[in-house]
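The following exercises are to be worked through with the sequence and the structure at hand. Each task is followed by a solution in steps.

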Amino acid sequence: IESSDIDLSIELINKNSNTIPVIESLINSLYIHLTSLNNPTFTNLNPITTARVPILKLEMNYEQTLTKIDLTFNLTTCIPSMEYNNTLLQTYPEIKPLYMLIKLLLKKQKLNNSFEGGLSSHSLFLMISSYIKVLKTNTHINISFKQNLGDFLIDIFHFYGTFFNYNKTLIDITKDYPYIITDRILKIPLFIDPISKINTAK
């Protein structure tokens with residue numbers, strides 16, 4: 001997708017540096033350093049240290065190609081998460097085209113940034129993956145299996161826009177049936193990351 005970003009994580013050798021305050025300090029130091037260079041290659045630097053995972057957002061202009069980058073430190077779940085997602089894509093090939101299209105639609109409406117109240121790319125991936133998994137592996141849900149991607153797209157919008165209860169249901173793709181009803185009221189959507197087991201919607 002045009003203007004999509006690249007996620008980078010720098011792993012530090014010092015194990016004692018894997019704390020939020022240290023990572024926040026590193027993000028701020030890197031921001032100050034890159035800003036002081038006055039290098040036109042790096043633009044629109046924006047340190048976000050209040051997020052659950054502090055990041056430095058920046059744009060890199062190299063050989064007339066503009067690339068958006070989200071950079072952080074010691075995010076050890078990156079490679080396992082990528083491998084898990086690749087397994088889902090191989091198992092359910094319908095996920096990729098649906099994900100790309102819905103992500104583009106969210107971007108057009110400026111709803112693709114979780115820092116601004118939108119939906120993160122990872123949360124969107126988990127929502128689509130869970131729905132496709134239910135269609136293909138569960139027979140007790142009252143939704144018919146369809147091969148047409150257009151039908152899949154409409155069904156996903158209908159399901160998450162009409163039937164899904166965001167106040168009482170969490171999504172955990174690792175479960176046989178990923179939609180789990182809770183007894184408590186959820187203040188925010190709850191999408192359990194399959195690797196870190198934390199809420200990826202925060």
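**Exercise 1. A pair of helices**

Task: In this predicted model, determine at what angle the axes of helix H2 (residues 78–91) and H4 cross, and which residues make the contact.

Solution. Step 1: The two axes come within 12 Å and cross at roughly 35°. Step 2: The crossing of H2 and H4 is left-handed. Step 3: On the side of H2, the contact is made by Ser81, Asn85, Leu88 and Leu89. H4 contributes His122, Phe125 and Ser129 to this contact.

**Exercise 2. The open sheet**

Task: State the order of the strands in the open sheet of four strands, and explain why one side of S1 and of S2 is left without a neighbour in the sheet.

Solution. Step 1: The strands follow the order S1-S4-S3-S2, and their pairing is mixed. Step 2: Strand S1 (5–10) and strand S2 (42–48) stand at the edges; each has a single partner strand, so one side of each has no neighbour in the sheet. Step 3: From one strand to the next, the twist averages 25°. Step 4: Within this order, strand S3 (residues 55–62) and strand S4 (residues 65–73) are joined by seven bridges in the antiparallel sense. Leucine 56 has leucine 71 of S4 opposite to it.

**Exercise 3. Strand S5 and its partners**

Task: Describe how the side chains of strand S5 (residues 169–172) point, and identify the sense in which S5 runs with S6 and with S7.

Solution. Step 1: In a regular strand the side chains alternate between the two faces of the sheet. Step 2: In S5, Thr169 and Ile171 point one way, whereas Leu170 and Asp172 point the other way; all are buried. Step 3: S5 and strand S6 (residues 179–181) run antiparallel and are joined by three bridges. A hairpin of six residues connects S5 to S6, and isoleucine 171 has tyrosine 179 as its bridge partner in S6. Step 4: With strand S7 (residues 190–192), S5 runs parallel, again through three bridges. Here leucine 170 stands opposite leucine 190.

**Exercise 4. The rings around tyrosine 179**

Task: Classify the aromatic pairs that tyrosine 179 forms with tyrosine 160 and with phenylalanine 164, and explain why phenylalanine 164 counts as buried.

Solution. Step 1: The model holds 11 aromatic pairs. Step 2: Tyrosine 160 and tyrosine 179 lie 6.3 Å apart, centre to centre, with 75° between the planes, and the pair is edge-to-face. This pair links distant parts of the chain, 19 residues apart: tyrosine 160 is in helix H5 (residues 149–163) and tyrosine 179 in strand S6. Step 3: Phenylalanine 164 and tyrosine 179 are also edge-to-face, at 5.7 Å centre to centre and 65° between the planes. Phenylalanine 164 belongs to the loop between H5 and S5, 15 residues from tyrosine 179. Step 4: Phenylalanine 164 counts as buried because its relative accessibility is 8%, and buried means under 20%. Tyrosine 179 counts as buried because its value is 7%. Step 5: Ring pairs join these residues in a cluster with Tyr131, Phe159, Tyr166 and Tyr177.

**Exercise 5. The nonpolar cores**

Task: Identify the residues that touch the most other members of the largest nonpolar core, and the helix that gives the largest share.

Solution. Step 1: In soluble globular proteins, nonpolar side chains tend to be buried together. Step 2: The largest core has 26 residues, and Ile128, Tyr131, Ile132, Tyr160 and Tyr179 touch the most other members. Step 3: Helix H3 (95–108), helix H4 (121–137) and H5 are the elements that give two or more residues. The largest share, nine residues, comes from H4. Step 4: A second, separate core has nine residues, including Ile23, Ile27, Leu56 and Leu58.

Definitions and conventions: Residues numbered from 1 in each chain as written. Predicted model: local features only at pLDDT ≥ 70, side-chain atom pairs only at ≥ 80, totals over all residues. Heavy atoms only, no water. Buried < 20%, exposed > 50% of the residue type's maximum accessible area, 1.4 Å probe, protein only. Pairing = 2+ DSSP bridges. Phe/Tyr/Trp six-rings, centres within 6.5 Å; stacked < 30°, edge-to-face > 60°. Core = buried A, V, L, I, M, F, W, Y, C linked by side-chain atoms within 4.5 Å. Axes fitted to C-alpha atoms, helices over the stretch in contact; angles between N-to-C directions. Left-handed = near helix turned anticlockwise from the far one by under 90°. Contact = heavy atoms within 4.5 Å.
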